[in-house]
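Me: Please take a close look at a single part of this structure, one helix, and describe how it is built and placed. Begin with the core of the model, then turn to the helix.

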Amino acid sequence: MRLHSLTVTAFGPFAGTERVDFDALTASGLFLLRGATGAGKTSVLDAVCFALYGAVPGSRQGTRLRSDHADPQLMTEVVLDVTLGGRRLEITRRPEQPRPKKRGEGFTTERAQTLLREWTAGDPPGWRAASKSHQEVGEEIGRLLGMSRDQFCQVVLLPQGDFARFLRADATERAELLGRLFDTRRFGRVEDWLTERRRAGEEGLRSAQDGLRQLVARLEQAAGADAEPAEAWIPADDAAGLARSAPAWAAILRCGAEEQRAVAAAALDRAEQQHRLRAEQEAAARELTRRQESHTQALRRAGELAKADTEREALRQRLAAARAADVVAAALRLERTADAAYRTAAERERRARAGLGGEAADAVAQLVEAEQRARADLVRLEAAREDERRQAGAAAELHRLEAERRAAEELAEEAERWLARLPEQRAGLDLLLAGAREGAARAEQLAAREQEARQRLAAARQRDALRDRARRAAQLAADAGTAAADARTGWLDLRERRLDGMAAELAERLRDGDPCPVCGSAGHPAPARPSGGRVTREDEQVAEAAFRHAETAELRAAEALRSVREEAAGAAAVAGEEPVAALAAGLAELAAGLADALAVAEGLVGAEQALAALDRQCTEQEDQQRQATGRVAVLTARLEALTAELGQLAARVAAARGDAPSVAVRAAGLTDRAERLAAAAGAAREAEEAAARLKDAQAEVSAAAVAAGFAGAEEASAALLDAEERAAVEARLTRWDREHAAVRALLDDPDLAAAAALPPADPAAARVALEAATARLRTAAAADDAARRRCAELRRLGGELAERAAGLAPALAEQARISRLSFLASGTGGGNRLRMRLESYVLAARLEQVAAAASGRLVRMSGGRYTLVHSADRAAGTKRSGLGLRVVDAWTGTERDTATLSGGESFFASLALALGLADVVTDEAGGMPLDTLFIDEGFGTLDEQALEEVLDVLDGLRERDRAVGIVSHVADLRQRVPAQLLVRKGRTGSTLHLTGPDAA
């Protein structure tokens, strides 16, 4: 990786656009990045990291990227020109930031942007857009660099403070940093996986053992209280012993159960034989009892049937007479039907003749002739009835038309009166409308002027208030500047005095026999003495804190002054310089005139609406007058025609109705008479026909009765039976016949006769003996079934026990292997002598590589005295081992802890460690060449000779075609490193300058 140029805009302390030409700065291989505290040296490194990864280093995450000094219209942006993997790229990044709205006031949020371009040497050469996606650019940069942001910040931006802590850290802290750089989390996941497998295996074994013990308990319960107890065969807490002994014990239980089942089966056979014998004896006793009882009941029923012979013969004769009368039944039914029909017809004839008055005795032919005459009169009245109906409708129509004509005449007169008043109403509305329009025009003009005057008055008041605030803020800013200058002078003075007394401060720590931290000598012949007014480190820190506080206060006061002045200028641009009182008086005058004009203009809308309504009403009234006049003429003509038609209809109706009130009344009377005559004629004909049918039916009944053997129709009718009575008689006779036959069959049965000759049977005694045999059979069957089920359950449980016991042994062996591996990887097993976790073991190998790479540079920096070595000694107590660092002192031949190094020696070691780690991480990333490195601070602890040795080592880095940037305050470096980048701070932000050692 080689940096070519960096351009920052509104980034961090840089208010404008600043550009760094790294090609010119790194031409000599070694350059110095210097500037006052807080000027923005670290922000240059932050900009490089932000351009590559879209974020600043982890320790400064969350800080505000946008410059507080920048103009709101200027967007924050970082552009980095860099070569990665042989490709020259230009990376442009803008963070999410607020920007002024294009329309209106306030701000809106601008989304983050990323742009990647690549230089192509084609024809023509130039930059070619590669991507605008944050994700794609991040993946491409990560692939080309081969390292994460944390690795980059640790390898390229060498933070000396971090490595000084790393040098003195314990194994846990070193593991955290190395794990972040070398990404050994996969080994930690292996440890977690093994631990999880071990715990899952232990849980599975516990479940398997619990299952076996549950099976043992179930076997013991199934075997019964008399079986061999499990405690005599199975050990209590030995899983392997449980797997070996349980199947044998189960086999013993099965053998005992099989013997018990054989005994129970023999007892069941004996009980079944006894039960069969008793069942046969009980069935024979029941059958003998049944036959004896059947014979006795048959004798008793035969006597009962003999007593009912007389009744049975009478029923047979009654049934024969009913069957003979069946021939006359049909004629009797016809006679009864004809008689009923005759009676109904005679009654209908009587009622019909009762309504005829004097014509009640007429014959049927006379009645028919009278009906025909009435209907002929009805036909002649039909035309007169239509004229009567038309006369009634025409009279109603005449009244309706007269009412409509009167209403139309009234509407025409009303419209005429309204139109006569129209000119007077229109003149009044026209006058009101003209005045309202004039007032509305004047109100519109005054409203615009009043709004402008109101805005100017508000701006004038704001202008005066802001100018007062600006005068106060200017005084505060001047006071803050004076205080900051005094605090800076005091702090720099104390720092200079402390540097002058630094030798005396170091000399106070010297003890006879202890090596000097500067020269290493054990003798101290002339230690420096403190001069008057000694300044301690605490004094310097207090003064620096006071200066920082004063400087912050100064910046805040200046920002407040600038903001107030900008606001005051904006208000003055609106209000001008006219006094507030004059503007207020003018506003009041305009407001009064506007109120008057608005009062006049309020009637404009009402006047316009009234005039429009008057026009619409005029049109409606004219239409109404025209329509009403035409309607009157039409109705008058219709009334005249309808009056003539009514005269003609009245003459025809009067001639037709005669003496009746109306034609309809006369027609209704004729219709009623014709219908009564027709009904009487029909009823008379039906009565004559019914009398003839009745006479014929009576003659047929008499003839049928004589033919059937009866004296007359009355005797035949008395002999008849209905269906229900006949069915009852037939059923009684059939039942008697069947019972007689059944009783005779029983008395003739030889088996029943033989059983009756034997002594009475005793079925109760046989049933008692059978019940006793049944009870013995149930007991034997239950015992046999229990024995069979016990054997089956023991076989099933024994098979399951054997299967589980067979599977437990491999699981025990597998769990033993997993446990050994888990304890070994986690550093807690007895086989892990150093108590090193797997991840720590891998990191220890990386640390050994880093120590080897660092030792070469440390030897040169320390003048051949010190070497870093990796230590795998076991740590004391419960601490983890394997990540120890020791320093070998070639002058004494001893190996000691890195914490014993002095301040300058710690800087040697930490710088060598940082450079060594950079080499190892670079090799880990695939050998990506890192042509540019930055070393941040730490040189202040070195004396002149040590500084020379460190610079020699850094010069050696240039031999590998590297450019090394030193970030430092040390004054000697200004003379030793010609190429310099100066960060100069000011009230309006910091700026960057390429300069030499003599520049301010």
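Reply: A nonpolar core here is a set of buried Ala, Val, Leu, Ile, Met, Phe, Trp, Tyr and Cys residues joined through side-chain atoms within 4.5 Å. The model is predicted. Its largest nonpolar core has 40 residues, of which Leu-6, Leu-52 and Leu-84 touch the most other members. Helix H2 (residues 41–53) supplies the largest share of this core, seven residues. Leu-6 has contacts beyond four places away in sequence, among them Phe-22, Val-44, Ala-47, Val-48 and Val-79. A separate, second core of 19 residues includes Ala-851, Leu-901, Leu-913 and Leu-917.

The helix for the close look is H3, residues 134–145. With 12 residues at 1.5 Å each, H3 should span 16 Å, and this agrees with its end C-alpha atoms, which are 16 Å apart. Its buried residues are Val-137, Glu-140, Ile-141, Leu-144 and Leu-145. Viewed down the axis of H3, the buried residues fall within an arc of 120 degrees, so they line one face of the helix. The general rule is that an α-helix has 3.6 residues a turn, so residues three or four places apart point the same way. Gln-135 and Arg-143, on the other side of H3, are exposed.

The two ends of the helix remain. At the N-terminal end, Ser-133 caps H3, with a side-chain oxygen 3.4 Å from the backbone nitrogen of Gln-135. Gln-135 is thus named twice: as an exposed residue and as the partner of the cap. Just after H3 comes Gly-146, which takes a positive phi of about 75 degrees.

How values were computed:
Residues numbered from 1 in each chain as written. Predicted model: local features only at pLDDT ≥ 70, side-chain atom pairs only at ≥ 80, totals over all residues. Heavy atoms only, no water. Helix = DSSP H or I, 4+ residues; strand = E, 2+ residues; numbered from the N terminus. Expected span 1.5 Å × (residues − 1). Buried < 20%, exposed > 50% of the residue type's maximum accessible area, 1.4 Å probe, protein only. Arc of directions from axis to C-beta. Polar contact = N/O pair within 3.5 Å; in protein donor to acceptor, adjacent residues only side chain to side chain. Contact = heavy atoms within 4.5 Å.
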